[in-house]
Amino acid sequence: IYAARGVATGVVRGIVFDGVLGRAEPGADVYAVRDPDPKKTFATYDEIIRANVDSIGALGVENEALADVGTDPKKTGHYRIELPVGSYFLVTRSRDKVVSKPQRVAVSAGSEDVLHLTTETPATITYRITDSSGQRIPAKITLQALGADGKPLYSDGKRRVEMGDGRFDDGVFSIEYSANGEGTIRVQPGDYLATVSRGVEFSIVQKRLSLRSGGSATLDAALVREVDTSGYIGADFHLHAEPSMDSGIDLGLRILTNVVEGVELISSSDHDVITDYRPKLLELGLDRFATTQVGLEVSTLELGHTLAFPLKFDQTTIPTHGAVDWVCQGYDPIFRTARALGEFGTDSTVLTLAHPRDGFLGYFDQFKLDPWTLKRTTNAAGKTTGLEKDNPLFKTLSCDYDSMELFNGKRWELIHTP
């Protein structure tokens with residue numbers, strides 16, 4: 001790209017070393033950040049980023065390189081990064097997502113400089129989470145990065161969105177999902193507020209941690225059940241994992257994220273794929289905390305989305321495992337086919353309208369249902385005005401569903417409407 005734009009460049013190369021053992025760090029990321037002021041000294045990556053935002057209104061990340069690119073099976077920590085002429089800081093980020101101290105380098109046209117980088121030593125948190133009887137339990141540990149005032153940082157906090165991190169908000173830096181309530185977390189040195197939780201039925205425990213490079217801390221917590229839910233089951237009927245085209249989350253992690261929140265019935269609902277969570281639940285040894293149910297989200301392009309459960313799982317039909325083929329089908333045939341997939345017969349199959357008012361993906365919005373009158377909206381000529389008013393599949397509609405989602409999606413402005 002630089003060559004195509006006629007930009008003069010130079011190259012910086014080197015080896016990324018492990019800050020603890022001094023050996024090569026395979027697969028580390030290397031980032032080049034614009035030098036906001038070559039006359040000043042910057043001690044941390046965050047200082048550089050803040051200075052760039054103040055001076056140019058941007059973070060100033062110019063390029064990225066990955067160590068050990070290529071087919072060589074031997075990982076040696078070598079990296080190579082091409083940069084336009086100018087002054088930069090290079091930092092490396094380890095597999096633990098710990099950012100190193102910055103090193104300054106000047107790049108001239110046609111130059112090839114050698115600069116070896118060393119990863120920052122992470123801090124370590126050793127934790128043990130139990131219930132009131134002392135038995136270890138699945139739990140979630142949320143780490144919020146704290147500012148100099150001791151309060152959680154705003155928005156992304158220390159999350160590195162420019163380095164590919166997702167966004168959590170409220171200064172949340174990382175979340176640990178623990179299947180057995182015991183383990184170790186390696187994190188970027190800094191000050192954190194650790195919150196240990198087990199869903200809405202249990203108490204929480206919070207502890208402030210001040211972690212330095214190479215340092216360690218312990219986090220012990222006993223969570224007490226505070227809400228008596230006898231006779232009730234915590235369930236989630238709308239879940240997506242890697243079988244869905246819009247999700248990349250591993251089946252095991254999907255189960256774990258539910259269990260640590262106290263969900264006791266985990267019902268699959270992947271888009272147009274029937275998924276069975278049971279084998280993975282057993283593999284993780286979490287079957288004493290939750291059970292699973294086979295389900296499906298029938299995800300048409302124009303007729304809304306519908307959840308169906310509990311369903312049969314056909315291991316021999318790959319990749320959909322027997323999901324509904326809805327192409328060119330109307331509502332009634334789709335609903336009948338979904339019910340016929342029921343594990344316990346047609347009459348025991350539940351159909352739920354998913355996000356029915358979510359615009360193009362909403363069953364009600366598609367045929368313009370007025371939430372006040374529960375009638376289809378028509379124009380002066382008496383014709384319907386839905387999103388697909390000319391689609392022949394909308395001439396007849398079906399009410400053969402059992403329930404609907406009331407609170408799902410991002411349409412917050414609809415919460416206080418019928």
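So, to start, what I'll call a salt bridge here is a side-chain nitrogen of Lys or Arg within 4 Å of a carboxyl oxygen of Asp or Glu. With that in hand, take Arg-128 and Glu-182: their side chains meet in a salt bridge, at 3.7 Å from N to O. Arg-128 sits in strand S9 and Glu-182 in strand S12, residues 182-187, so this pair ties together parts that are 54 residues apart in sequence. How accessible are the two ends? Arg-128 is partly exposed at 35% relative accessible area, and Glu-182 is partly exposed too, at 40%.

One thing before I go on: this is a predicted model. The chain has 418 residues, of which 46% count as buried. There are 6 helices and 22 strands, and the C-alpha trace spans about 70 × 65 × 45 Å along its principal axes.

Okay, more on charges. The structure holds 17 salt bridges, and I'll show you two others. Asp-165 and Lys-97 meet through their side chains at 3.6 Å, N to O. Asp-165 is in the loop between S10 and S11, while Lys-97 is in the loop between S5 and S6, so here the parts being tied together are 68 residues apart in sequence. Is Asp-165 buried or exposed? Buried, because its relative accessibility is 7%. Lys-97, on the other hand, is partly exposed at 40%.

Then there's Glu-120 with Lys-101, where the closest N and O atoms are 3.3 Å apart. Glu-120 is in the loop between S8 and S9, and Lys-101 in the loop between S5 and S6, so that pair links parts 19 residues apart in sequence. Glu-120 is buried at 14%, whereas Lys-101 counts as exposed at 54%. The cut-offs behind those words are under 20% for buried and over 50% for exposed.

Let's move to the strands. S2, residues 29-34, pairs with S3, residues 61-66, in the antiparallel sense over 5 bridges. If you want a spot to click on, Val-33 has Val-61 of S3 as its bridge partner. S2 also pairs with S5, residues 86-93, again antiparallel, over 6 bridges. There, Asp-29 is matched with Arg-93 of S5.

Now for a parallel case. Three strands form an open sheet in the order S16-S17-S18, with parallel pairing. Which strands stand at the edges? S16 and S18, each with a single partner strand, so one side of each is left without a neighbour in the sheet. S16 and S17 pair over 2 bridges, and Ala-235 has Leu-265 of S17 as its bridge partner.

Next up, a helix. H2 covers residues 45-56, and its 12 residues should span 16 Å at 1.5 Å a residue; the end C-alpha atoms are 16 Å apart, which agrees. Its buried residues are Tyr-45, Ile-48, Ile-49, Ala-51 and Asn-52. Looking down the axis, those fall within an arc of 165 degrees, so they line one face of the helix. Turned away from that buried side, you'll find the exposed residues Arg-50 and Asp-54.

For the geometry people, some backbone oddities. The loop between S20, residues 305-309, and H5, residues 331-340, contains Pro-310, and the peptide bond from Phe-309 to Pro-310 is cis, with omega about -15 degrees. Pro-319 lies in the loop between S20 and H5 as well, and a cis peptide bond joins it to Ile-318, with omega about 10 degrees. His-321 is also placed between S20 and H5. Its phi is near 55 degrees, a positive value in a residue other than glycine, and His-321 counts as buried at 13% relative accessibility. Over in the loop between S17 and H4, we have Asp-272, which has a positive phi of about 55 degrees although it is not a glycine.

Last stop, towards the end of the numbering. Met-404, Leu-406, Phe-407 and Trp-412 form a nonpolar patch on the surface, with about 530 Å² of accessible area together. Phe-407 is in the segment after S22 and counts as exposed at 60% relative accessibility. Asn-391, in the loop between H6 and S22, is buried at 12%. From Asn-391 to Gly-183 it's 56 Å in space, C-alpha to C-alpha, and 208 residues in sequence.

That's my tour, thanks.

Note on methods
Residues are numbered from 1 along each chain as its sequence is written. This is a predicted model: local features need pLDDT of at least 70, side-chain atom pairs count only at pLDDT 80 or more; totals for chains, interfaces and linings use all residues. Side-chain values use heavy atoms; hydrogens and water are left out. Two strands pair if DSSP finds at least two bridges between them. Helices (H or I, at least four residues) and strands (E, at least two) are DSSP runs, numbered from the N terminus. Patches are made of residues with over 30% relative accessible area and no salt bridge: like charges are joined within 9 Å, nonpolar side chains (Val, Leu, Ile, Met, Phe, Trp, Tyr) within 5 Å. Accessible areas come from the Shrake-Rupley method with a 1.4 Å probe; for residues, only the protein chains shown count as cover. Buried means under 20% relative accessible area, exposed over 50%, partly exposed in between (1.4 Å probe, protein chains only). The expected span of a helix is 1.5 Å times one less than its number of residues. The arc is that of the directions from the helix axis to the C-beta atoms.
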